[in-house]
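Student: I would like a close look at one part of this model, namely its charged side-chain contacts and whatever enclosed space can be found. Please go through it residue by residue, and connect the items as you go.

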Amino acid sequence: MAGPLTMIPPGIVVLAAALVAGLAGRRLGHLVGGATAALVTVWVWVVPAGTHLPGQLFGFDAVFFAVDPFSRIVGLVFAFIATVAVGYSWATGASSRQTAYALTYVGSSLGAVFAGDWLTMVVWWELMAVTSTILVWDYGGKAVRAGFRYAILHGIGGSLVLAAVAWHYVEVGSFLFTAASGMVGTVPQLLAAIGIGVNVGFIGLHAWLPDTYPRPHIAASVFLCVYTTKTGVYAMYRAFPEGHLWIAYMGGAMAVFGAAAALLQNDMRRLLSYHIQSQVGYMVAGVGIGSALAQAGAFGHVFNHILYKSLLFMTAGAIIYQTDEENLKYLGGLAREMPVTAIAFTIAALSIAGFPGFNGFVSKGIVISASHYTFVKGPLVVGDFYTLELLLLVGGVGTFLSFIKFGYYAFLHGPYEGAPVTSAPRTQQVAMLLVAALCVFYGVFDGALFSLLPFDVTDGTVVAHVYHTYTVGHVVEGIALAAAGVLGFVILKRPLSKVGRVPDVDAGYNPLAFYGTRALVHGVTETYAAVDRAAVALVERATALRADSAAFARLRANIGESIFVLIVVLAGVLTWLGIV
C-alpha cells in the first residue's frame with residue numbers, strides 16, 4: 001500500500017527529529033521534537049489499517065511497518081505522550097541533548113511496536129535498551145551505576161528474546177508474525193517469556209525498575225515510565241496471542257507484589273516505579289487469560305496507564321523541581337502552595353486506583369471482569385480464574401493504600417518546613433492538566449476508549465461476555481476497594497511511618513553478581529598466574545639441569561685433558577731423566 005504515510009516507519013521520523021534536536025539549540029530542539037511527536041500522533045491515527053511495508057533484513061523477509069488494532073493503540077499513545085513529555089522537559093530545564101536521547105528512545109519503541117516480524121522487532125528492541133540506558137546515564141551521578149545495572153539486565157533479557165526468535169525461526173522457517181500464531185515450541189516460549197519478562201517486570205526480574213527510574217532527571221523519568229514495560233506487554237501478546245495460564249497468574253502476582261512493595265516506599269519515584277510493575281501486572285494478566293475481552297482490557301490498560309502514570313511522574317517531578325526533595329517524610333502541606341499539582345495528582349491517583357469516573361476504572365474493570373470467567377484457550381486448559389480475580393482485587397486495595405499515603409504526606413500532612421515553595425511553572429501545569437483531562441475524559445466517556453480497543457467489548461459476537469462499565473456491581477466494587485484502602489491506611493498509618501528503606505531482591509543479587517564476578521575474575525587470573533609460575537619454574541629447572549649437565553660434561557673434558565697433559569709431561573720428564 002503506497003503513500004506518504006505508509007512508505008516509512010514513524011520511528012525513523014522520530015529518530016531524525018532526535019538528531020535535529022541534539023544538534024539544534026534548546027528552544028529549537030524542543031520545538032522540533034514536540035512538533036514531530038505531535039505529527040506522528042496524527043499520522044498513527046489516520047494511517048490506513050493493514051498498512052504493510054515489506055522488505056529484506058539481513059537477507060530475510062521482513063515487515064518494517066505493520067498497522068493493526070494492537071500496534072495502532074500502543075503507537076498512538078506512545079506518540080501522544082512523547083509530545084507532552086517534550087513540553088514537560090522544556091518546562092523542567094532539560095537540555096536539548098537529554099531530550100534528543102529521549103526521542104531516540106521513543107523512536108526505537110515505535111519501531112518495535114510497528115514491526116511486522118520478530119527479526120525487525122528484536123533490532124528495535126535492542127536499540128530501545130541502548131537508548132534508554134544512555135538516557136539514564138546522561139544525568140550522571142548515581143544514575144551511572146543504576147544505568148549500568150539496567151543495561152546488564154536488559155542485555156540478558158534481550159539475548160534470551162533473540163535466542164527465542166532464532167529457535168522459533170528454526171521451527172517455523174520465517175520471522176514474520178503472520179507465519180505462526182505466536183512463538184512455536186516449548187523452548188522458544190520459555191525463553192521469550194523470561195526475556196520479555198525482564199521488560200515487563202516479572203517478580204524476581206523487576207528490581208531494575210525501582211533501582212533505575214528514581215535516578216535520572218525528572219523529565220527523563222516521564223519518558224522511562226512509558227516505553228520499556230509497555231513495549232514488553234505488546235511483545236508478550238505477540239509471543240502468546242492465545243494466552244497462557246502461568247503468564248496470567250504471574251500478572252496477578254505482580255499486581256499484588258508491586259502494590260505491597262510500593263506501600264513501603266518513601267521515595268516518591270521509587271513508589272511510582274513499583275506501581276509500574278503492579279499496573280503492568282493487570283496487562284500481563286489480560287494477555288495471559290487470552291480471551292478477546294481480556295486482551296482488549298490489557299491494551300486498554302496500556303493506553304490508560306501511560307496517561308495516568310506519566311501524569312504521576314510529572315506531579316512528582318514538579319514537587320522535586322520546586323522543593324528539591326524526593327522523600328515523602330520531608331514533605332507535607334503542599335496542596336496550598338501547589339494547588340494545580342495537587343489536583344493533577346488527585347486525578348492521576350484516582351485513575352490508577354480504578355475509582356469510578358476515571359480511566360483506570362474502565363480498563364482495569366475489563367481485565368478483572370475477564371478474570372471472572374472460564375476459558376479454555378492456549379497451550380493449557382485455563383479453567384476458572386477466580387484466584388486470579390482475587391489477586392487483582394487485592395492489588396487494587398494496595399493501590400488505593402499507596403496513593404492515599406503519597407497524597408497525604410505530600411499534600412496534606414502538616415506544613416512544609418523547607419524553603420518557600422511556589423506553584424509549578426506554567427508549562428508544567430499545562431502538560432499535567434492536559435493529561436489529567438484525558439484521564440477524566442476516558443473515564444466518563446468510556447465509548448471513546450472502546451473505539452480504540454482491538455476488540456469491541458460491547459459486541460456479543462466479538463467477545464463471549466459483553467462488558468458494561470457503569471453497572472451497579474462494578475461501581476460498588478470500585479467504591480468498596482477505595483473504602484478498604486482508606487480503612488487500611490488508617491490502620492497502617494503509624495507502622496508505615498516508621499518504615500525506612502526496604503531492600504529488594506537486588507540487595508542480594510547485586511552484591512552476589514559483583515563479588516561473584518570479582519571472585520571469578522580473581523580465580524581465573526590467579527589460576528593463570530599459578531600455571532604461569534609453575535611453567536616458568538619447570539622451564540627454569542630444566543634449564544638449570546641442562547646447565548649442570550653441560551658443566552659436568554665440560555668438567556669431564558677438562559679432567560681428561562689435564563690427565564693427558566700430565567702424562568705427556570711426566571713421560572717427557574722421565575725420558576729426560578733416562579728412566580724411560
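Student: Is Arg-238 buried or exposed, and what is its relative accessible area?

Tutor: The model is a predicted one, and in it Arg-238 is buried, because its relative accessible area of 14% falls under the 20% cut-off. The charged partner of Arg-238 is Asp-68, and the two form a salt bridge in which the closest N and O atoms are 2.6 Å apart. This contact joins distant parts of the chain, since Asp-68 sits in the loop between β2 (60–66) and α3 (69–91) while Arg-238 belongs to helix α9 (residues 218–239), 170 residues apart. The two ends fall into separate exposure classes: Asp-68 is partly exposed, with a relative accessible area of 23%, whereas Arg-238 is buried.

That pair belongs to a count of five salt bridges. Another of them brings the side chains of Arg-97 and Asp-138 together, with an N to O distance of 2.8 Å. Here, too, the contact links distant parts of the chain, 41 residues apart, with Arg-97 in helix α4 (residues 96–113) and Asp-138 in the loop between α5 (118–137) and α6 (142–172). In this pair the acidic side is the buried one, for Asp-138 has a relative accessible area of 18%, while Arg-97 counts as partly exposed because its value, 46%, lies between the 20% and 50% cut-offs.

A further salt bridge joins the side chains of Glu-326 and Arg-269, again at 2.8 Å from N to O. Glu-326 is found in the loop between α12 (292–323) and α13 (334–337), Arg-269 is in helix α11 (residues 268–289), and these distant parts of the chain are linked across a separation of 57 residues. Glu-326 is partly exposed at 23% relative accessibility, but Arg-269, at 3%, counts as buried. Beyond these pairs, Arg-149, Asp-211 and Arg-215 are joined into one network by salt bridges that share partners.

Turning to the enclosed space, the model has two cavities of 30 Å³ or more. The largest of them holds about 90 Å³ of space. Its lining consists of Ala-353, Gly-354, Phe-361, Lys-364, Gly-365, Ile-368, Tyr-467, His-474, Glu-477, Gly-478 and Leu-481. Two elements, α15 (359–370) and α19 (472–497), each give two or more residues to this lining. By residue class, the lining of the largest cavity divides into five nonpolar, four polar and two charged residues.

The second largest cavity holds about 40 Å³ of space, and the residues around it are Trp-125, Met-128, Ala-129, Tyr-150, His-154, Asn-199 and Thr-228. The elements that supply two or more residues to this second lining are α5 and α6, and α5 gives the largest share, with three residues. The lining of the second largest cavity has four nonpolar and three polar residues, and no charged ones, whereas two charged residues occur in the lining of the largest cavity.

Terms used
Residues are numbered from 1 along each chain as its sequence is written. This is a predicted model: local features need pLDDT of at least 70, side-chain atom pairs count only at pLDDT 80 or more; totals for chains, interfaces and linings use all residues. Side-chain values use heavy atoms; hydrogens and water are left out. A salt bridge is a side-chain nitrogen of Lys or Arg within 4 Å of a carboxyl oxygen of Asp or Glu. Helices (H or I, at least four residues) and strands (E, at least two) are DSSP runs, numbered from the N terminus. Buried means under 20% relative accessible area, exposed over 50%, partly exposed in between (1.4 Å probe, protein chains only). On a 1 Å grid over the protein atoms alone, a cavity is a set of points where a 1.4 Å probe fits but cannot get out, and a pocket is an open set with protein on both sides within 12 Å along at least five of seven lines; lining residues have an atom within 4 Å of a point. Grid points are joined across faces, edges and corners, and a volume is the space filled by probe spheres set on the points. Ala, Val, Leu, Ile, Met, Phe, Trp, Tyr, Cys and Pro count as nonpolar, Asp, Glu, Lys and Arg as charged, and the others, Gly among them, as polar.
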